[in-house]
Amino acid sequence: MGVVNVTPDSFSDGGLFMAPADAIEHGQRLVAEGAAIVDVGGESTRPGAVAVDADEELRRVVPVLEGLAGVSVSIDTSKAAVARRALELGAELVNDITALRGDPEMAAVVAGSDAYVCLMHMQGEPRTMQAAPHYDDVVSDVLGFLEERIAFAVECGIREERICVDPGIGFGKTPDQNLELLRRLDALVALGRPVLVGVSRKSTLGTILGDPGATTGTVSASVGAAVAAFERGAWMLRVHDVRETVEALAVAAAVGRGQVTV
Ligand code: HH2
């Protein structure tokens, strides 16, 4: 999954793709580099980010979704109005970092479509989530949350085979908690739903490399994390640097098979 952030303030690429033409070209490039789907988002969720309203989010993403007609697209939003419009424009997946908790109408919008949905774990909300994250056991807590959100989604009429889950790396978690979630990803895989992991360029990677105040991580560190997640059963990786990740995963997969070709 390649990331297309149509935002002025995303943590690693804010402002680079605010012009629709630039965002569209970027999305097409990510597909050419091997992305199976591109995740278009109009609101940053980095720690401390300022919320935007639905009109502004629509203004940012609609021209990009129109320009990416024919490309597999996911919409990164927690607003039902944005998801509804994106689905009309052909989006195949609703990537909701609030796991259907942010907008009371979101579950019905997804249920009324044929779309896939990604349910992500987040403790707190973006503005304050990194203040003092606390868990009894981060893996069991995230697992319990995702089980509850899957049950809620199914109750709302979303078919279980349309649901994927995400541990929400960096969303209300310390670097050690993020690493524990990646290390024990098999516990999430055991839920029986595909697991999406987004660790690309995140600050935990910079912390591992020795900068306690890091706000981002390098491309190489992101690729290392993607391979580690893949080896522990991640089904999709949400990444900014598609070519590098696809090449690394192709090698990791070939080693897993013991054969060059499938
Ligand atoms: N991470 C970000 C945004 N959306 N969605 C899922 N499912 N999983 C993630 O880990 C995830 C996500 C944050 O990354 P980015 O979009 O690059 O930054 P920002 O939120 O600042 O726009």
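Strand 4, residues 93-96, runs parallel to strand 5, and 4 bridges join the two. The model in which this pairing appears is a predicted one. Within the pairing, Asn-95 has Cys-118 of strand 5 as its bridge partner. The connection between the two strands involves helix 4, residues 106-111: strand 4, this helix and strand 5 together make a right-handed β-α-β unit.

Strand 5 itself spans residues 116-120 and is mostly covered, with 4 of its 5 residues buried. Besides its pairing with strand 4, strand 5 is joined by 4 bridges to strand 6, residues 163-166, and these two strands also run parallel. Here the bridge partner of Val-117 is Ile-163, in strand 6. A right-handed β-α-β unit is again found, made of strand 5, helix 5 (residues 138-155) and strand 6. Strand 5 thus takes part in the unit with strand 4 and helix 4 as well as in the unit with helix 5 and strand 6.

The aromatic side chains may be considered next. What does a search of the whole structure find in the way of aromatic pairs? The search returns 0 such pairs. Two rings nevertheless have the charged end of an arginine over them, as follows. The ring of Tyr-116, a residue within the span of strand 5, has the charged end of Arg-162 above it, at 4.3 Å from the ring centre. Phe-152, which falls within the residue range of helix 5, has Arg-149 over its face, and the distance to the ring centre is 4.4 Å.

Note on methods: Residues numbered from 1 in each chain as written. Predicted model: local features only at pLDDT ≥ 70, side-chain atom pairs only at ≥ 80, totals over all residues. Heavy atoms only, no water. Buried < 20%, exposed > 50% of the residue type's maximum accessible area, 1.4 Å probe, protein only. Pairing = 2+ DSSP bridges. Right-handed = clockwise from strand over helix to strand, strands pointing away. Phe/Tyr/Trp six-rings, centres within 6.5 Å; stacked < 30°, edge-to-face > 60°. Lys NZ or Arg CZ within 6 Å of the ring centre and 35° of its normal.
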